[in-house]
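This report looks at the open space in one protein and at the small molecule that goes with it. Please follow the description with the structure in view.

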Amino acid sequence: MKKIAIFISGRGSNMKAIMEQCQHGILKGIAEPVLVFSNKVDATGLDYAKSQGIETACIESLGLKRAEFDRQVVDLLAGYKIDFIVLAGYMRILSPVLVQAYPKRIINIHPADTTQHQGLHGYEWAWENKLPETKITVHYVDEGLDTGSIIAQGTVDLRGAENLDEIERRGLAVEHKLYSETLKMILLGTR
Ligand code: GRF
């Protein structure tokens, strides 16, 4: 069983989906969430994690230099013997301090094809460009902004979607499924 830390900054719907799969789904016996970490004290996802009896930790990143903050994160994680860090709506670019401490062991989900669109507002980008479909990307994390190697992608059919909410709703449904499926392959070493 691999120990994972899930990193969030906000509502944490991907975190919730992963935790459910760990409890009674495809990640049962494969992944054990030992920590939910946030860089925002008011991340609402922390409440859900606590309600599930998962340990939570927060270091407020506001005002700290990237490397200084990540050094504190690495020190915090050292106590947990984490195998993988799973970023789930974690709104912060990682510095080499953190990336090099967990080489090929930090994973992210991005709401667009990272070869086409990096950074924020992936669903807005799909909506504004009237794309008939978009791709969700699960990738390894390096020091760039959504530049790490791609592990898996899932297609979201956007035809007939009438507004941004609908785009996001369809996209998140794919995210929630794709992330756990991909994590399973990574953790089992089949990907
Ligand atoms: C998701 O769209 C994810 O792809 C992106 O940030 C959003 C986080 O949503 N990285 P949630 O906090 O998991 O609900």
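Helix H6 gives 4 residues to the lining of the largest pocket, and this is the largest share of that lining. The model is a predicted one, so the description that follows should be read as an account of computed coordinates.

The largest pocket has a volume of about 870 Å³, and 36 residues line it, with Gly89, Tyr90, Met91, Pro111 and Leu120 lying nearest its centre. Two or more residues of this lining come from each of helix H1 (13-24), strand S5 (106-110), helix H5 (122-128) and helix H6 (164-188). When the lining of the largest pocket is sorted by residue type, 14 residues are nonpolar, 15 are polar and 7 are charged.

What takes up space in the largest pocket? The space taken by the ligand is this very pocket, and the elements that give two or more residues to the shell around the ligand are H1 and S5. The residues around the ligand are Arg11, Gly12, Ser13, Asn14, Gly89, Ile109, His110, Pro111, Tyr123 and Glu175, and this shell divides into 3 nonpolar, 5 polar and 2 charged residues.

Some distances between atoms of the ligand and atoms of the protein are set out below.

| Ligand atom | Protein partner | Distance |
|---|---|---|
| oxygen | polar backbone atom of Gly12 | 2.9 Å |
| nitrogen | polar backbone atom of Ile109 | 3.0 Å |
| oxygen | N or O atom in the side chain of Glu175 | 2.8 Å |

On its own, the ligand has 360 Å² of accessible area, and the protein covers 87% of it.

Terms used: Residues numbered from 1 in each chain as written. Predicted model: local features only at pLDDT ≥ 70, side-chain atom pairs only at ≥ 80, totals over all residues. Heavy atoms only, no water. 1 Å grid on protein atoms, 1.4 Å probe; cavity = no way out; pocket = protein on both sides within 12 Å on 5 of 7 lines; lining within 4 Å. Points joined across faces, edges and corners; volume = space filled by probe spheres on them. Nonpolar A, V, L, I, M, F, W, Y, C, P; charged D, E, K, R; others polar. Near = heavy atom within 4 Å. Polar contact = N/O pair within 3.5 Å; in protein donor to acceptor, adjacent residues only side chain to side chain. Areas by Shrake-Rupley, 256 points an atom, 1.4 Å probe, with all protein chains shown as cover. Sits in = over half its atoms within 2 Å of the grid points.
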